Amino acid sequence: MCQCAPWALFKLKIALSHSPLHLSQYLHSQLQSFSITLHIHKMEKKVSALLFISLLTVMIRTGLVSADSESKASFKDHFNIMWSEEHFKTSEDGQVWYLSLDNETGCGFQTKQRYRFGWFSMKIKLVGGDSAGVVTAYYMCSENGAGPERDELDFEFLGNRSGQPYLIQTNVYKNGTGNREMRHMLWFDPTKDFHSYSILWNNHLILFVVDRVPIRVYKNNGKPNNFFPNEKPMYLFSSIWNADDWATRGGLEKTDWKKAPFVSSYKDFSFDGCQWVDPYPECVSTTTDNWWDQYNAWHLSNSQKMDYAWVQRNLVIYDYCKDTKRFDTIPEECSLSPWD
């Protein structure tokens with residue numbers, strides 16, 4: 001009697017407690033392995049393997065296993081409005097949230113909780129049409145405002161004139177110092193549908209992920225330094241605001257207020273992280289009790305390396321680590337290999 005299915009089910013229980021990224025990879029690898037098992041062991045092993053595959057199929061179709069781990073919590077369960085509540089709306093069921101910008105003001109929200117390390121993911125649909133000058137920001141920050149000593153991890157989506165590609169800018173701050181920008185094109189139109197934007201943060205790396213594809217790897221060197229934010233808990237924020245002094249073609253393209261209001265849409269916030277409790281929670285220690293602080297989360301997997309290499313070849317518009325005109329000496333963190 002084949003024992004592969006019960007063993008795989010045991011591993012599935014472990015995988016279910018892990019991130020959507022790792023779960024997706026796990027399911028793919030298991031289906032491949034069962035295909036091989038069926039080929040080698042043929043009929044006498046087929047029933048057990050098919051039962052397992054059927055179970056996975058049902059779980060995926062019914063949503064028990066999802067590549068994006070959808071959260072059914074409403075907006076108010078996780079977030080507070082930062083400003084301009086009249087520019088914030090939700091769907092009737094509270095599952096989709098809308099932030100709008102007009103020539104008077106934008107809007108923003110933040111989590112009620114602070115976190116230090118973990119996986120944080122949101123599905124966002126960006127402003128469509130002519131969005132020049134409009135910035136939708138999705139980020140983590142240690143302070144409510146842009147304080148001089150803040151730590152911060154940024155996704156910024158830079159609006160465009162109609163027909164031009166959206167650009168995504170990422171940045172990392174430690175103790176108020178940023179200037180670590182990277183810009184990427186996207187391989188899809190982010191205004192047509194919702195896409196997942198995620199941050200994996202532990203003491204070893206910060207991973208910026210779009211639809212489970214790593215677009216930026218930011219490593220720590222394991223020593224006290226001035227570039228890796230790992231000491232301060234952070235809130236998670238999102239906002240929409242006018243930045244036509246720099247956001248589109250360096251400020252050459254201004255916001256067309258006749259197109260207002262500009263609306264960004266959100267849903268399915270999910271996280272698996274260490275919620276902050278003073279003086280500090282046990283989960284911030286490197287105990288490897290949590291998947292986001294285990295060895296596999298400190299490095300890219302082989303499949304992630306392939307995706308990351310493709311992004312590097314095709315989608316990078318700007319990398320501060322290669323800007324010798326801006327930096328006389330390349331920053332220390334730029335010498336750390338994302339492949340290790």
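Two strands count as paired when DSSP finds at least two bridges between them, and this tour of a predicted model follows such pairings from strand to strand before turning to a pocket.

Begin by selecting strand 5, residues 115-125. Of its 11 residues, 10 are buried, so strand 5 is largely enclosed by the rest of the structure. Now pick Phe120 and look to either side: in strand 14 its bridge partner is Phe271, while in strand 10 the residue standing opposite Phe120 is Ile199. Widening the selection to the whole strands, you will find that strand 5 and strand 14 run antiparallel and are joined by 8 bridges, and that strand 5 also pairs in the antiparallel sense with strand 10, residues 195-201, over 7 bridges.

Next, select strand 14, residues 262-275, together with strand 3, residues 96-101, which run antiparallel and are joined by 6 bridges. A place to centre the view is Leu101, which stands opposite Phe262 in strand 14.

With these strands still displayed, add the others to see the open sheet of 7 strands, whose order is 2-3-14-5-10-11-12 and whose pairing is antiparallel. In general, the strands of a sheet pair through backbone hydrogen bonds, either parallel or antiparallel. Which strands stand at the edges of this sheet? They are strand 2, residues 88-90, and strand 12, each of which has a single partner strand, so one side of each is left without a neighbour in the sheet. If you look along the sheet, neighbouring strands are turned against each other by 20 degrees on average, with direction ignored.

Stay at the edge formed by strand 12 and select helix 5 as well. Helix 5 lies across strand 11, residues 205-210, and strand 12, and runs at about 90 degrees to strand 12.

The last stop is the second largest pocket, which has a volume of about 290 Å³. Which of its 17 lining residues are closest to its centre? Select Val217, Tyr308, Asp319, Cys321 and Leu336 to show them. Strand 12 (213-219) and helix 5 (302-314) are the elements that give two or more residues to the lining, and the largest share, 4 residues, comes from strand 12. Colouring the lining by residue type will show 10 nonpolar, 2 polar and 5 charged residues.

Technical notes: Residues numbered from 1 in each chain as written. Predicted model: local features only at pLDDT ≥ 70, side-chain atom pairs only at ≥ 80, totals over all residues. Heavy atoms only, no water. 1 Å grid on protein atoms, 1.4 Å probe; cavity = no way out; pocket = protein on both sides within 12 Å on 5 of 7 lines; lining within 4 Å. Points joined across faces, edges and corners; volume = space filled by probe spheres on them. Nonpolar A, V, L, I, M, F, W, Y, C, P; charged D, E, K, R; others polar. Axes fitted to C-alpha atoms, helices over the stretch in contact; angles between N-to-C directions. Contact = heavy atoms within 4.5 Å. Buried < 20%, exposed > 50% of the residue type's maximum accessible area, 1.4 Å probe, protein only.
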